[in-house]
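Here are my notes on the model, as numbered points. Have it open while you read.

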Amino acid sequence: MVNSDVIIIGGGILGAALAFELTKESIGVQLIERSSISREGSGATAGNLHIQAVHTRRPGQVIALDNVRLLPLQIAASRLWDVVEEELPEDIELRRTGGLTVAESEPQGEEILLKRRHEIEAGIPGEILASDEARRLLPELGDSVQLAEFCPLDGYVNPLKVTPAWMRAAIRQGLTLRTHEEVLNISKVGSSWIVGTSNGQYACSTLVIVGGPWMDRILSMVRVSIRMNPVAIQMHVTERMAPRLPFLVQHIAEGMSIKQVTAGQIMIGGGWPAQNLALGKTSDVSVESVIGNLSQAVRILPFLRNVRLLRSWSGALGATADEMPIIGEVPGLEGLFVAGGTYAFTFAPLWAKTLLALILRRTPEVDVSDLGVGRLMNIYKSKTSGG
Amino acid sequence: MADELEPLGRSSEMKANNHVVIIGGGPGGLAAAKTLARKGVSVTIIDENPDLGGQYYRRRTKGTTELVGDYRVDGTHLISSVKKLGCTILTDSYVWGISNDKRSLLVENSLLGKSTRVNFDFLIVASGGHEIQYPFTNWQSTKVMTPGMLSRLVTVDAIEPNGRRAILVGSGPFLLAVTSHLIDSGVVVDGVFELTRPYRLTVFSMLAVFFPAKCAQFLHYRFKLFSNGVKLTQGSRLRSVQDSYDGITATFDKRSGGEQVVVESQLLGVGYGFKPNSEVLEILNVERGESTSFGHFYPRVDRYGRTSQQNVFAIGEVSGIEGFKSAMVGGVLSGQRILRDIKGVKGFASMYVTLVHYLRSIYEELFAKFLKKLYRIDLEDFPLLDPEVLLCRCEGVYASELDGVLSQCESDMAYVKAETRIGMGLCQGRMCGTALGIIVKKKYPKSISPGFSIRIPFRPVAIGSIIALESEENRDYIDG
Amino acid sequence: MSLEYGASSSEIREVTQLVVNGKSYDACVGESLLGFLFQNGISSTSVNLVTKEVRFAFCGMGMCSECEMIDENGSILRVCQTSIRRNMTLTSRGI
Ligand SMILES: Cc1cc2nc3c(=O)[nH]c(=O)nc-3n(C[C@H](O)[C@H](O)[C@H](O)COP(=O)(O)OP(=O)(O)OC[C@H]3O[C@@H](n4cnc5c(N)ncnc54)[C@H](O)[C@@H]3O)c2cc1C
Ligand SMILES: Cc1cc2nc3c(=O)[nH]c(=O)nc-3n(C[C@H](O)[C@H](O)[C@H](O)COP(=O)(O)OP(=O)(O)OC[C@H]3O[C@@H](n4cnc5c(N)ncnc54)[C@H](O)[C@@H]3O)c2cc1C
Ligand code: FES
């Protein structure tokens, strides 16, 4: 059995970011990943850094998220991303392009004005633009845009780069990375957590589950059941083209995000649902979602009509039942932590720092007490109730 | 080939509209269309090219035909009879996806720049294949191309030879056929380089005994090479091509001995056999057949071309059977099978036709198996890539960029793709995917590499064309 | 199978101007574009956006995308699947 201070289950962006923070403090860490790193949500993601308030529902999302609650977390995450870029030796293609959120009707405009007021309270910079001002900033905007908000802090990071870069940096600091090893069972012996995988057994005093949409499955190994609402959503990418779209463009009322990335391709997303959710396999891209997402994109940015779509794909998102993030120690199970839920990409550096603080029993910089595990737990049985 | 699959749903369960859609207007698709349309079944054929014909019966353009006459006249007859039978023909039309309910194809008309849905009750996938590549230094030279392309330039496009010279490199009987076309058209062939060692006396004797007609064809090709002084070299690997003032210099490693062979010419055609255009079948979750050495997707089919999905057939090159004749045999059999599903068994004539083609298909399959053994390429036949070799032509990724990634990938091609961008470009890995699979397999001999995953659109399609599907008027309902 | 050059070729052949990357050629309407470019020694169909190399049609069957050019309407076409139309103006993709 191999011992370490901490074991992390899940090699997505949260696992990599946390491994980096822990190893920086010279804490011994093993990270266990079922397949390759960054292959699930963290590889499929749009990679947007959402700093201005987000729209509250993906297409088909039943429960709206509380976008005002997220604002202090977003500004904190925004500050940390600057540090990430400095700390990592590799180029992660972080671009603060600034982001536009557009409204196409009067009620939608009202919504933007309202969210702007909340952002001011949270200290998030931004500017309201009338339709002609918005078009001056971005002449490509379609006729239907009536009002927009610009936030200079919005941007994106290349997801194909950041998780591997974080992971490599953590390895240099002493991380033991175990890929292609699936965690099959977890037990507690004394104060140690014993993690059984397809390849062996490992022991630690602190266990962190950052398993994305598999979080509930992994938690069930310690007889904890939480309410999650995982979905597969899809992304669309065009061929490369000369620079044409300098900002991230979003919609206040509909799931939509459009940006041109460093390779020159345009990425179009917005959380449109795939046909199904096939965890561990690939969920089938939905043609209806392709058409819906692209039609909306052409309405807002008409030049896209003549750009060729190269590919679409889907990825699983570990959303919770209330669509809000989840982070904290599992009540009653000392030394067992989880993190995940919505916008885990934007929040990655913040969740890493927060988990580090919680593990070291320090007070985190942001208050996450209301985002803990307890609110989502169904039945809770103590470890004594069974093997 | 599997035994006959389980009987499919009874005709009574089927809709009154028994509309058959055929993807691919090559010999396979045309034969199927003719079989069906002659019995009054409503058929739509979809092909991306400006005219029907596929690879073997590729049509000369009207202008070229006026200039130099027709080519492969039997193809012209076949196509015109299919047109006369009233099939709906959608040319310049590419199938790039399938609707969520898997009941209609998403088809872009490249002239209109618009996509439509084409509904089907029966689907025959006769989408053919494309040539397999394995990179070498400077394969991106403008003087390097596939043998198929060289062949169509001299036959279909009827370019004048003007003393042009070429060498042919790769594997398979196809190289000899192309060489023969080049010689006939007046191109000087400076050599044929077959990667494996199939041309042995024992082989020809076996051919003569079991497949006399095929043997005659082989000997005919061999003799043509010989009488035109074309040297056929076996077991040599292409390492690099250098551009020179008016041509190229190609360098080969002899596998035995290790010395190098240098050949000068003007053009180089290279290809290592065919890979199926299997996108539609893969997205339909059709079951895989036997695994092949390159891990390409071939569907499991019965002798009628029926796949594991109800009412979905795969015939010709895409089902793994090479040659235009066997594609046509498959076309007739799938057509007969559908006629039986729709109309029940009728008449002696139809049973006779089925029987004859059934036997022919057994013969062709035996021959195909023989060829597969004969031209079997082992992983060691391909060299490791020099660092300066461009691996992904589209995204400009060199072999050197695989360093490190390969040892970490644990045989996961998607990981290599994400780390290097190999396969992310316009061709979506069609040119480099097989090679990357071979490289990964060399490193992890036990792995089963499924290749790059298929996603819509199968090929780049303008967003405006895709969203044309939104408006209901564009639905292409075709009555039976 | 040998080609019959000149057979029945003296029929009406409509000649048109074909402009490729700024240079003008006489071509026949309906002729194969790929054949025409090759015959006339035009060995650049696209320029690779990453490596900036000049590329020419490679596969001849619509698979590789190396033969993509932009026509007078700004649409992308595949040379290997196109016949010459009246007054075509083509530019290499990626220039
Ligand atoms: C298409 C898409 C677009 C998105 N866009 C954005 C965006 O623009 N901005 C944003 O902020 N967020 C976005 N998100 C959300 C965000 O990207 C993801 O929530 C985030 O990447 C999840 O990271 P993670 O590390 O928590 O989980 P994942 O990336 O899902 O990683 C979990 C890992 O755990 C592993 N695992 C699971 N079970 C086991 C086991 N038993 N043993 C070992 N390993 C196991 C999995 O294999 C996986 O690699 C998007 C998500 C998707 C799918
Ligand atoms: C240059 C050349 C010379 C050959 N010479 C010989 C020979 O001498 N003897 C011999 O026996 N065989 C020869 N072959 C092989 C022969 O061409 C094939 O075996 C035969 O054409 C296979 O027929 P098919 O109907 O299966 O497919 P194909 O003829 O390949 O036809 C498939 C058609 O489907 C189209 N298509 C594919 N996907 C889509 C899609 N998604 N949407 C729309 N259309 C699509 C393709 O463009 C193509 O037109 C040759 C091949 C080539 C390339
Ligand atoms: S030559 Fe390959 S697509 Fe035209």
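1. Let's start with what Gly396(B) touches. Leaving aside residues up to four places away in sequence, Gly396(B) is in contact with Leu390(B) and Glu401(B), and across the chain boundary with Val50(C) and Thr51(C). Bear in mind that this is a predicted model. Gly396(B) belongs to the loop between strand 19 (390-392) and strand 20 (397-398) of chain B. Is Gly396(B) buried or exposed? Its relative accessibility is 11%, under the 20% cut-off, so Gly396(B) counts as buried. Its C-alpha atom is 8.8 Å from that of Arg421(B), which is 25 residues away along the chain.

2. On to the B/C interface as a whole. Here 54 residues of chain B meet 42 residues of chain C. The two chains bury about 4000 Å² between them, and 57% of that is on carbon and sulfur atoms. Which residues of chain B lose the most area to chain C? They are Leu67(B), Thr142(B) and Arg393(B), which together make up 15% of what the chain B side buries.

3. Now the sheet that takes in strands from two chains. It is open, has nine strands and mixed pairing, and its order is 5(A)-6(A)-4(A)-14(A)-15(A)-16(A)-13(A)-17(A)-21(B). At the edges sit strand 5 (127-130) of chain A and strand 21 (461-462) of chain B, each pairing on one side only. So you'll want both chains displayed when you trace this one.

4. Look next at the strand 5 end of that sheet. Strand 5 of chain A pairs with strand 6 (residues 147-151) of chain A through four bridges, in the antiparallel sense. Within this pairing, Ala130(A) has Leu147(A) of strand 6 as its bridge partner. Helix 4 (residues 106-122) of chain A packs on the sheet, with contacts to strand 4 (99-103), strand 5, strand 6 and strand 14 (248-251) of chain A. The direction of helix 4 makes about 25 degrees with that of strand 6 of chain A.

5. A second helix to check is helix 8 (residues 287-300) of chain A. It lies across strand 4, strand 13 (231-240), strand 14, strand 15 (257-260), strand 16 (265-269) and strand 17 (308-317) of chain A. Relative to strand 13 of chain A, helix 8 runs at about 55 degrees.

6. Strand 10 (residues 192-197) of chain A deserves its own point. Five of its six residues are buried. Strand 10 pairs antiparallel with strand 9 (residues 183-189) of chain A over six bridges, and Val183(A) has Thr197(A) as its bridge partner there. Strands 9 and 10 of chain A form a hairpin with two residues between them, and Gly190(A) in the turn has a positive phi of about 60 degrees. Strand 10 is also joined to strand 11 (residues 201-209) of chain A, again antiparallel, by four bridges. In that pairing Ile194(A) is opposite Ala203(A) of strand 11, and the hairpin linking strands 10 and 11 of chain A runs through three residues.

7. Last, a helix pair. How do helix 3 (residues 67-87) and helix 9 (residues 348-359) of chain A cross? Their axes come within 7 Å, at roughly 95 degrees, so the two helices are roughly perpendicular to each other. Helix 3 contributes Leu73(A), Ala76(A), Ala77(A), Leu80(A), Trp81(A) and Val84(A) to the contact, and helix 9 contributes Ala348(A), Pro349(A), Leu350(A), Trp351(A) and Lys353(A). By type, that gives ten nonpolar residues, no polar and one charged.

Terms used
Residues are numbered from 1 along each chain as its sequence is written. Chains are lettered from A and ligands numbered from 1 in the order in which they are written. This is a predicted model: local features need pLDDT of at least 70, side-chain atom pairs count only at pLDDT 80 or more; totals for chains, interfaces and linings use all residues. Side-chain values use heavy atoms; hydrogens and water are left out. Two strands pair if DSSP finds at least two bridges between them. Contact means heavy atoms within 4.5 Å. Axes are lines fitted to C-alpha atoms, for helices over the stretch in contact, and angles run from 0 to 180 degrees between N-to-C directions. Buried means under 20% relative accessible area, exposed over 50%, partly exposed in between (1.4 Å probe, protein chains only). Angles under 35 degrees count as roughly parallel, over 145 as roughly antiparallel, 65 to 115 as roughly perpendicular and the rest as oblique. Ala, Val, Leu, Ile, Met, Phe, Trp, Tyr, Cys and Pro count as nonpolar, Asp, Glu, Lys and Arg as charged, and the others, Gly among them, as polar. Buried area is the accessible area (1.4 Å probe) that two parts lose on being put together, summed over both.
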